[in-house]
Amino acid sequence: MPDLVVDLKGKGVIVTAAGGSSIGSGCALALARCGASLALNDVNEGALRRTVETIQVLGVPVLPLVGDVSDYQRVQDMAAETIETLGNVFGLVNIAGASMPKPILDMTQAEWASTWNVNVTSLFNWAHAVLPHMLASEQGGRIINNSSVSGKQGGDENSVSRGAYAAAKAGVLGLTRGLAREVAPKVTVNAICPGLILNPRTTQLYEARPEMMDRYPMQRPGEGADIAKAVIYFMAADWVTGEVTDVNGGYFID
């Protein structure tokens, strides 16, 4: 449970990748504990259902949204359903993304396009879908984008993050900063750069190579709850925009 709690009762918040990632589900749980009315998205219906069932126990409104974030029209439809059902959208937490472990010279053009579409174009899709509502609302809004330490240091040949993924996540940072200028002062736009966060795939990597933690001053891998705390901070902060916060246990410090 996050140490920082902000009152989000009655405020609609969309979280993408809320079923399939430890970050998405962790953020959804933290936001629910703050009283937010949630619209939870994932492309995996079964995984999404499990997160929704967990959130429902807390007694906050929760709307499941199954759909691909790289599909512009589907995102438009999901945003419209959220506004109709929850009454408003105050927050958007863009967690959905996809790794690309192949070196650029081994990739096809389709793989490059897919990597960019899921990690960057999806943010454009959601911005188009929710910003008109946020900008027209008296309460304004918060957009929080999930980037990666790879977007700063170029990826790592020993992990799931290579050059194409690094390029996409760097694109997230540029979009965050540019959009923050365009939609101020009504809406804040910030980003988080996680390091190694445990999920089924990264847990296997960590267990096979525990020496990876030698590069982390905090001497442990991250969890979804670590990212959720930064999300809650950005939900509370109303004079912070265009900011990029590292949540990586000291792996990369700039």
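Colleague: What makes the backbone oxygen of Ala-98 and the side chain of Asn-119 a polar contact?

Modeller: In this predicted model, the backbone oxygen of Ala-98 lies 2.9 Å from a polar atom of the Asn-119 side chain. The cut-off for a pair of N or O atoms is 3.5 Å, so the pair counts as a polar contact. The backbone oxygen of Thr-115 also meets a polar atom of the Asn-119 side chain, at 2.8 Å.

Colleague: Why is Asn-119 called buried?

Modeller: Its relative accessible area is 1%. Buried means under 20%, so Asn-119 is buried. Asn-119 lies in helix H4. Beyond four places in sequence, Asn-119 touches Gly-97, Ala-98, Tyr-165, Ala-168, Lys-169 and Val-172. The C-alpha atoms of Asn-119 and Ala-96 are 6.9 Å apart, with their positions 23 residues apart along the chain.

Colleague: Which residues of H6 are buried?

Modeller: Among them are Tyr-165, Ala-168, Lys-169 and Val-172. The buried residues of H6 pack against H4, strand S5 (141-146), helix H5 (150-153), strand S6 (187-194) and strand S7 (244-247).

Colleague: How do you know that the span of H6 is close to the expected one?

Modeller: Helix H6 covers residues 163-183, which is 21 residues, and reaches 30 Å from its first C-alpha to its last. At 1.5 Å a residue, 30 Å is expected, and the span of H6 is close to that.

Colleague: Is Asn-88 buried or exposed, and why?

Modeller: Asn-88 has 12% relative accessibility, and the limit for buried is under 20%, so Asn-88 counts as buried. Asn-88 is placed in the loop between helix H3 (72-86) and S4. Leaving out neighbours within four places in sequence, the contacts of Asn-88 are Gly-10, Lys-11, Gly-12, Ile-83, His-133 and Gln-139. With Gly-10, the backbone oxygen lies 3.0 Å from a polar atom of the Asn-88 side chain.

Colleague: Why does Leu-105 count as exposed?

Modeller: Exposed means over 50%, and Leu-105 has 82% relative accessibility, so Leu-105 is exposed. Leu-105 is found in the loop between strand S4 (91-94) and helix H4 (109-136). Together with Ile-104, Trp-112 and Trp-116, Leu-105 makes a nonpolar surface patch of about 440 Å².

Colleague: What makes Lys-102 and Glu-111 a salt bridge?

Modeller: Their side chains meet at 2.6 Å, N to O. The limit is 4 Å, so the pair is a salt bridge. Lys-102 has a relative accessible area of 34% and Glu-111 has 21%. Partly exposed lies between 20% and 50%, so this word applies to Lys-102 and to Glu-111.

Colleague: How many salt bridges are there by this rule?

Modeller: The count comes to 5. One of them joins Asp-226 and Arg-220 at 3.0 Å, N to O. Asp-226 is buried, at 18% relative accessibility, whereas Arg-220 is partly exposed, at 43%. Elsewhere, salt bridges that share partners join Lys-152, Asp-246 and Asp-254 into one network.

Colleague: How do you know that Lys-152 and Asp-254 pair, and what does the pair tie together?

Modeller: The closest N and O atoms of Lys-152 and Asp-254 are 3.1 Å apart, and the limit is 4 Å, so the pair counts as a salt bridge. Lys-152 lies in helix H5 and Asp-254 in the segment after S7, so the salt bridge ties together parts that are 102 residues apart in sequence. Lys-152 is partly exposed, with a relative accessible area of 24%. Asp-254 has 64%, over the 50% limit, and is therefore exposed.

How values were computed
Residues numbered from 1 in each chain as written. Predicted model: local features only at pLDDT ≥ 70, side-chain atom pairs only at ≥ 80, totals over all residues. Heavy atoms only, no water. Patch = residues over 30% accessible without salt bridge, like charges linked within 9 Å, V, L, I, M, F, W, Y side chains within 5 Å. Areas by Shrake-Rupley, 256 points an atom, 1.4 Å probe, with all protein chains shown as cover. Helix = DSSP H or I, 4+ residues; strand = E, 2+ residues; numbered from the N terminus. Buried < 20%, exposed > 50% of the residue type's maximum accessible area, 1.4 Å probe, protein only. Polar contact = N/O pair within 3.5 Å; in protein donor to acceptor, adjacent residues only side chain to side chain. Contact = heavy atoms within 4.5 Å. Expected span 1.5 Å × (residues − 1).
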